[in-house]
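I opened this structure to look up a few things and keep notes. The entries follow in the order I made them.

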Amino acid sequence: MTLSSILVLHGPNLNLLGTREPEVYGTATLASHVATVSAAASRHGISVTDVQSNTEGELVNAIHAANTAHGGIIINAGAFTHYSWAIHDALKSFPGHVIEVHLSNPGAREQFRHISVLAPVVDGTISGFGGLGYSLAVEALVELDSQ
Ligand code: DQA
């Protein structure tokens, strides 16, 4: 699958961005982060589909559907990052590249955020740069696809 389209996945509570703990996550809304991804992707002629869900199974289903529909995935799984082996397993069977993004730097926060169970099955993780992380993730996918 060539990188003509990217799936952008957001997990629980990220629908609240803009008002949720702005001192941690900033004031940009989820829609504005998705717009950032779309603008970065369109510069490379890549289209973007985005899914946000507070439900683990919906994210798993979206990853399964991406297997034949999208060349790459950008995922901010929210708190599922730290314990969802179901999302880990789904990503493991995705044939394209996957970039994990976090707005904050989980490694500098509470202990329970220090582990990502997704990290072993993604190409790399971009954390702590706020919305810039989404543009960087697009550039990473484009670069990985060209190798
Ligand atoms: C987050 C970090 C997670 O620990 C947290 O549960 C989130 C957001 C981030 O983008 O910094 O919901 O993924």
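Entry 1, the ligand. I count a residue as near a molecule if one of its heavy atoms lies within 4 Å of it. The model I am reading is predicted. With that cut-off I looked up which residues surround the ligand. I found R20, Y25, N76, G78, A79, H82, H102, L103, S104 and R113.

Entry 2, polar atoms at the ligand. I went through three of these residues one by one. For R20, I noted a polar side-chain atom 3.0 Å from an oxygen atom of the ligand. For N76, an N or O atom of the side chain is 2.7 Å from a ligand oxygen. For A79, I had to look at the backbone: a polar atom there is 3.1 Å from an oxygen atom of the ligand. I then asked how much of the ligand the protein buries. The ligand taken alone exposes 320 Å², and the protein buries 99% of that.

Entry 3, helix α4. I looked up which residues of α4, residues 85-92, are buried. They are I87, H88, A90 and L91. Why do they line one face of the helix? I looked down the axis of α4 and found its buried residues within an arc of 165 degrees, so they line one face. On the face turned away from the buried side I noted the exposed residues W85 and K92. I also checked what covers the buried residues of α4, and the cover includes α3 (56-66), β3 (72-76) and β4 (97-102).

Entry 4, H88. I picked out H88, which sits in helix α4. Is H88 buried or exposed? Its relative accessibility is 8%, and buried means under 20%, so H88 counts as buried. I followed its side chain and found that it reaches the backbone oxygen of V117 at 2.7 Å. Leaving aside neighbours within four places in sequence, I listed the contacts of H88 as V117, L118, P120 and V121. V117 therefore appears twice in my notes on H88, once for its backbone oxygen and once in the list of contacts.

Entry 5, aromatic rings. I asked how many aromatic pairs the structure holds, and there is one. F80 and Y83 form this pair. A pair of aromatic rings is described by the distance of the centres and the angle of the planes. For F80 and Y83 I noted 5.8 Å centre to centre and 70 degrees between the planes, which is edge-to-face. I also looked up F80 by itself: it is buried, with a relative accessible area of 7%.

Conventions: Residues are numbered from 1 along each chain as its sequence is written. This is a predicted model: local features need pLDDT of at least 70, side-chain atom pairs count only at pLDDT 80 or more; totals for chains, interfaces and linings use all residues. Side-chain values use heavy atoms; hydrogens and water are left out. Buried means under 20% relative accessible area, exposed over 50%, partly exposed in between (1.4 Å probe, protein chains only). Helices (H or I, at least four residues) and strands (E, at least two) are DSSP runs, numbered from the N terminus. The arc is that of the directions from the helix axis to the C-beta atoms. Contact means heavy atoms within 4.5 Å. A polar contact is a pair of N or O atoms within 3.5 Å; within protein, one must be able to donate a hydrogen and the other to accept it, and residues adjacent in sequence count only if both atoms are side-chain atoms. Accessible areas come from the Shrake-Rupley method with a 1.4 Å probe; for residues, only the protein chains shown count as cover. Rings of Phe, Tyr and Trp (its six-membered ring) pair if their centres lie within 6.5 Å; planes under 30 degrees apart count as stacked, over 60 as edge-to-face and the rest as tilted.
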